[in-house]
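Here are my notes for you, written as numbered points. Have the structure open while you read, and look up each residue as it comes along.

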Amino acid sequence: APAVLSGVVYSSPRLPVALFVSAAASSTLFNTASVDGVRVASALAVTLLSSDGSLQRVAPLDLACQLQDTSALQLAGDCSSVFVDGSERGGTDAAVVRVALQSLPTIAASVVFRVLYPVFPLDVTLDDRLLQEVVVAGVHPTSNATQAPSGCTSPVYQQSRVRIEGEFGGIAAAAGPTVRLDLTSLTSRLLTTTDASVATVELASDGAPFVRGQSPGVATVAVVDAAARP
């Protein structure tokens, strides 16, 4: 009969070795929330390397996280993401988020975010800044003239498309290279004029903003939130 061998097998526990953290999408955030009030967030992706060589994602509830400077970036209380909500007043080239295991704080890692903040006031540009009255009897063949209805007795004025752009930079957006963004779609509903009796802001069927003349005079077109900032 074959011999029966017996023995004891010992196994060592799987131990955490290192932590890796990165931005799930991008480590650069454009603080457009300071313009339209809509929160911008970036999730944190955290991976744990164990002693057996395996990798596994770590749930936010198992983590402890820290962000020292919250003037340009904010950290979610559950360590799931970083975000800006418009309450910030500047940007930064290096916002450092430190993440550690709650059960073993010495196993930690850091990720650096860059936050770009807009320079106020934003740039508001009109295709045509002079909106003239359209002659009803034989409408002027100008490309930006409103169609005068038949039998209309009130003056009809031209209209002009509006474009809003902004420069985004790092530390307080005051130094270093900047990035220029078209913010028209974000701010189209935030546009106003200083005198609605002279000109009004309206939206085309595709959502694009335009200014329509109403009467002779001078009016300024501005973005409400940006104009209210110091």
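1. Let's start with a word we'll keep using: a residue is called buried when its relative accessible area is under 20%, exposed when it is over 50%, and partly exposed in between. Keep in mind, too, that this is a predicted model. Now try Phe168: its relative accessibility is 0%, so it counts as buried.

2. Which residue forms an aromatic pair with Phe168? It's Phe30, and the two rings meet edge-to-face, 5.7 Å centre to centre with 75 degrees between the planes. Phe30 lies in strand β2 (residues 28-30) and Phe168 in strand β13 (residues 159-169), so this pair ties together parts that are 138 residues apart in sequence. Unlike buried Phe168, Phe30 is partly exposed, at 27% relative accessible area.

3. A search of the whole structure turns up two aromatic pairs, and Tyr117 with Phe120 is one of them. Their ring centres are 6.1 Å apart and the planes are at 75 degrees, so this pair is edge-to-face. Tyr117 is buried, with a relative accessible area of 5%.

4. Phe83 has a charged partner: the charged end of Arg39 sits over its ring, 3.7 Å from the centre.

5. Next, the cysteines. How many disulfides does a search of the whole structure find? Just one: Cys65 and Cys79, with sulfur atoms 2.0 Å apart. Cys65 lies in strand β5 (residues 63-67), while Cys79 is in the loop between β6 (74-75) and β7 (81-84), so the bond ties together parts that are 14 residues apart in sequence. The torsion about the S-S bond is about -95 degrees, so the disulfide is left-handed. Cys65 counts as partly exposed at 22% relative accessibility, whereas Cys79, at 5%, counts as buried.

6. Now the inside. In soluble globular proteins, nonpolar side chains tend to be buried together. Here the largest nonpolar core has 24 residues, and Leu19, Leu63, Leu73, Val97, Val99 and Phe113 touch the most other members. Strands β1 (16-23), β3 (40-50), β5, β7, β8 (92-101) and β9 (108-118) each supply at least two residues of this core.

7. Click on Val97 for a closer look. Setting aside its neighbours within four places in sequence, Val97 is in contact with several residues, including Leu44, Leu67, Val82 and Phe113. Gln66 and Ser110 are also among its contacts.

8. Finally, there is a second, separate core of 14 residues, which includes Leu122, Phe168, Leu183 and Ala199. That brings us back to Phe168, the buried ring from the first point.

Technical notes: Residues numbered from 1 in each chain as written. Predicted model: local features only at pLDDT ≥ 70, side-chain atom pairs only at ≥ 80, totals over all residues. Heavy atoms only, no water. Disulfide = S-S within 2.5 Å. Helix = DSSP H or I, 4+ residues; strand = E, 2+ residues; numbered from the N terminus. Buried < 20%, exposed > 50% of the residue type's maximum accessible area, 1.4 Å probe, protein only. Core = buried A, V, L, I, M, F, W, Y, C linked by side-chain atoms within 4.5 Å. Contact = heavy atoms within 4.5 Å. Phe/Tyr/Trp six-rings, centres within 6.5 Å; stacked < 30°, edge-to-face > 60°. Lys NZ or Arg CZ within 6 Å of the ring centre and 35° of its normal.
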